[in-house]
Amino acid sequence: KRPEMLTVFVWLAITGAFVALLFLPNSIPARKWIPLIPYVLFGGGLNVAAALKFLSLNPTLLAGLLAADLILFFAVGVLNAQAFRRLSQAAVLQSGLRFALLSSKFRQRMFADYVAQLRRELGFLREKSNFEIYFPIPVDIQSRENIDSAGDPVNIVTKLLCGSERGAWANVLIEGPGGRGKSALVRGVTEKLLDLFTSGTHPVLPIFGSGKANSLPDAVAKALGRNVVNNEFLSWHLELGHFLIIFDGISETGIDVETVRGFIKSSQGEDTRLLISARSEATFHDVFLNSEHWAIVVPQRLDDATLEEFVKTYHAADAMRGAPDQQLSAEMRLICRSPDGQYQPILVRLAMLAEEVGRPSIDGIYEWSVRQRLRATSGLAFDDEEYFNKAVALSLKTYWEDEQTAGLFEFVVRPPDRVVIDRLLLAGIV
């Protein structure tokens, strides 16, 4: 007597099955079509039933049930990010899902796993980089606008990247010789941007690119990995400025100057900001200078005043992690001092960590540091003196003798010694 109730029960059964299917493993090939099942079965069944006069359905009820279906799908997506990603594979739902992703609160939920993953990655990189902590090394800033470089560089760079109006923001290039603290600054800014994103203060997600990539969108996809909502949405996110792309040492990613130049000029680069660190090379420098919104930040070396604060900051942090009391002796301080009275940050940090330097000298500090890195990654002594000496020479050349170069140094590799080079790569020395 109430045939429409049969329709309701059929709809509930199909929708329940759909929700259950959402949580099946990703390996199931048909999962991308799962969101269509309720519409195909329910809508098709109703048409057949109506045609055969077995069922008289109120059109308002049909529209209401289909609307309830959509609401349920979105509710499942809000409650479970994995379910939302699976929903996004269905073309019929993509317009509605994109509308949901316009909400910064919704994006916070969808990318919460990536935020946690990136925080862990930053912590690992800091530990690997001699237990690095951020210290506000003074910087010089070039820009179209007059920008005061006084204050904490993390706050300055973050403000440049987060301007809410056109002309109030800039793509930022952090450039300078090796060992100046570019990576520490990039990681400090990244953490600040993560805090702003999760608090809702600035609705742009920082994407930390690493590894090889063919293009900037490719780097974004690889960085997000399984956290990508839908690969077809990436261009849309970039065009709306939902992401901020970060590269620490862009030359190591395989992305060349022309690729960056092309991205900045594209529709995706119009509202997507960039934060890039690179050695002092004219190539990337010129790309930023010729763009519409740009700022170039150059970390400086330490002077006597900032050296004292630098040593105190690291000494306190080392004590908190239970490290031995590591002070910078007067002898080491003199060794680290350059002829113009300034200090290279990386050299000072390594000198603080060097417990037993056989030769109290610049190359002695790097020799000790290279040995420690190799032991830390392989647990074994490095017995090939030829390659060891080359690794020490590379460090010395890059971070002291010729700091204005990109640190290029030739290793002639004999085929049987591939394992030796692999160990140097694993230790992050070459």
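1. A residue counts as buried here when its relative accessible area is under 20%, and that cut-off is needed for what follows on strand β3 in this predicted model. From β3, the residues L205, I207 and G209 point one way while P206 and F208 point the other way, and all of them are buried. In a regular strand the side chains alternate between the two faces of the sheet.

2. Because five of the five residues of β3 (residues 205-209) are buried, the strand is largely enclosed by the rest of the structure. Its neighbour is strand β4 (residues 243-248), which runs parallel to β3 and is joined to it by five bridges; within β4, F243 is the bridge partner of L205.

3. Both L205 and F243 appear again in the largest nonpolar core, which has 69 residues, and there they belong, with V172, L224, V260 and L275, to the residues that touch the most other members. Helix α9 (residues 182-199) gives the most to this core, with seven residues. Leaving aside residues up to four places away in sequence, L224 touches F111, Y114, L205, I207, L234 and F243. Another core, of 20 residues, lies apart from it, and includes F310, V311, Y314 and V348.

4. V260, named above for its place in the largest nonpolar core, is also one of the buried residues of helix α12 (residues 257-265), the others being V257, F263 and I264. These four cover an arc of only 130 degrees around the axis, which puts them on the same side of α12, whereas E258 and K265 are exposed on the other side. An α-helix has 3.6 residues a turn, so residues three or four places apart point the same way.

Definitions and conventions
Residues numbered from 1 in each chain as written. Predicted model: local features only at pLDDT ≥ 70, side-chain atom pairs only at ≥ 80, totals over all residues. Heavy atoms only, no water. Buried < 20%, exposed > 50% of the residue type's maximum accessible area, 1.4 Å probe, protein only. Helix = DSSP H or I, 4+ residues; strand = E, 2+ residues; numbered from the N terminus. Arc of directions from axis to C-beta. Pairing = 2+ DSSP bridges. Core = buried A, V, L, I, M, F, W, Y, C linked by side-chain atoms within 4.5 Å. Contact = heavy atoms within 4.5 Å.
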